[in-house]
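Subject: The structure I promised you

Hi,

Here is the structure we talked about. Have a look at it first, and then read my notes underneath.

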Amino acid sequence: MSIQIKTIAVTGEKQTEIMNLTTPDLRNGEALIKVHAVALCTLEQRIFRGEVKMPLPCTGGHEVSGEIVALGDGVNKKMWAPGDRVAVRLLYNCGECYYCRTGHANLCERAQKKPVREGLLIGPGGLCDYVIVNTGYLFKIPDTLSYEEASLTEPLACVVHSVTKANIQLGEDVVVIGGGIMGQYHVMLAKRRGARVIMSEVDENRRALAQKLGADITFNPMEKDPVEYVKSLTEGRGADVVFNTTAIPSVVPQAIAMTGKAGRMIQYSSMHPDAPAPVSPQMLHGNEPILTGSISPDVHDFFTANRLLSGGIIDCKPLIAKKFPFEQAQQAFEAAIVPGTFRVIITD
């Protein structure tokens, strides 16, 4: 037998098409998921704009939730059943390379080389009416969590990874630069770690949202010198933790400069194009800061994000901008790339 799948494929720069595909029936350990919600991440937006070069047509989508409709052989029937509501982890790691074997699966050497199931298109693969995954990549969600909210498990998992690397301690001063969806998630998690949270963001509405979500202080870096202002708030020391969630190269030296002694600076956002930032060796020697990055979540981060959303500890509803039905995928992508827009979600 075979499975018929519809996919939303990027077919050219700012062009999408709904295509019909056929793939073999479920294999051992696999589940068939009826997709109910897919959020359009920055990756999908960059593919759509032609900034990330992928063989076309391709199927994006890795922020996914849905419902189990069928199970293959070898699945633990005590754990899984048709009708179960789930968040789906679609980002790939091989499990065999040096980094996967040393506890850094998010740095997998083959992360960008996800195997393509027969008959389907290259890409993360979530922008379909049905997806086929091993049950090890499924996470149950309660009836109290909407499919739209559950689709934002993966971006929350990314921020869980970032905040874990920062090792925030009770009472520390944490600066979040940038008030997009990832910046707002950083605010929520840092506040729940017991920190005083400061957000640097140009947009007034995003600053207001950050305050509703837990930020103690917000400011406009175009009106105040961000480094001097953060130091004025911290008795001249600088922040204990700084997260740069922007893709603005000129912000990186500021983030480093506002990091205090023994502080941690996390470069969260990717940079396209990349732009090296100057770093003082003497400052590294004398201040002992940790300057590092954060990319992608591992399974434990995803599990933690699932618990945070399922338990109502984190409310992601304010981060959902618009919803579009599957048939209006082109309009959804066009809406998602409008600057300043939070998550756009495609629903069934």
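Below is what turned up, from the cores to the backbone oddities.

Before anything else, bear in mind that this is a predicted model.

Let's start with the packing. The largest nonpolar core has 46 residues, and the members that touch the most others are Leu 156, Ile 168, Tyr 185, Phe 243 and Leu 319. If you want a place to zoom in, try Leu 156: leaving aside residues up to four places away in sequence, its contacts are Tyr 185, Leu 189, Ala 305, Leu 308, Leu 309 and Ile 314. There is also a second core, separate from that one, with 38 residues; Ile 5, Ile 8, Ile 33 and Val 344 are among them.

Next, a pocket. The second largest one has a volume of about 570 Å³. It is lined by 26 residues, and those closest to its centre are Lys 114, Pro 115, Arg 117, Ile 132 and Val 133. Strand β6 (residues 130-134) gives the largest share of that lining, with five residues. Sorted by class, the lining of this pocket comes to 16 nonpolar, five polar and five charged residues.

Now the cysteines, since you work at the bench. How many disulfides does the structure hold? Zero. Cys 108 is in no disulfide, and the nearest cysteine sulfur, in Cys 94, is 3.6 Å away, while a disulfide needs the two sulfurs within 2.5 Å. Cys 108 is also buried, at 7% relative accessible area. As for Cys 128, its closest cysteine sulfur is that of Cys 58, and because the two are 11 Å apart, they are too far for a bond. Cys 128 is buried as well, with a relative accessibility of 7%.

Last, the backbone. Two cis peptide bonds are worth finding on screen:

- Leu 56 to Pro 57, with omega about 0°; Pro 57 sits in the loop between α1 (42-49) and β4 (63-71).
- His 272 to Pro 273, again with omega about 0°; Pro 273 is in the loop between β12 (259-267) and α9 (281-287).

Then there are two non-glycine residues with positive phi. Ala 262 has a phi of about 60° and belongs to strand β12; its relative accessibility is 47%, so it counts as partly exposed. For Glu 288, phi is near 50°. Glu 288 lies in the loop between α9 and β13 (290-293), and it counts as exposed at 60% relative accessibility.

Cheers

Key: Residues are numbered from 1 along each chain as its sequence is written. This is a predicted model: local features need pLDDT of at least 70, side-chain atom pairs count only at pLDDT 80 or more; totals for chains, interfaces and linings use all residues. Side-chain values use heavy atoms; hydrogens and water are left out. A nonpolar core is a set of buried Ala, Val, Leu, Ile, Met, Phe, Trp, Tyr and Cys residues joined through side-chain atoms within 4.5 Å. Buried means under 20% relative accessible area, exposed over 50%, partly exposed in between (1.4 Å probe, protein chains only). Contact means heavy atoms within 4.5 Å. On a 1 Å grid over the protein atoms alone, a cavity is a set of points where a 1.4 Å probe fits but cannot get out, and a pocket is an open set with protein on both sides within 12 Å along at least five of seven lines; lining residues have an atom within 4 Å of a point. Grid points are joined across faces, edges and corners, and a volume is the space filled by probe spheres set on the points. Helices (H or I, at least four residues) and strands (E, at least two) are DSSP runs, numbered from the N terminus. Ala, Val, Leu, Ile, Met, Phe, Trp, Tyr, Cys and Pro count as nonpolar, Asp, Glu, Lys and Arg as charged, and the others, Gly among them, as polar.
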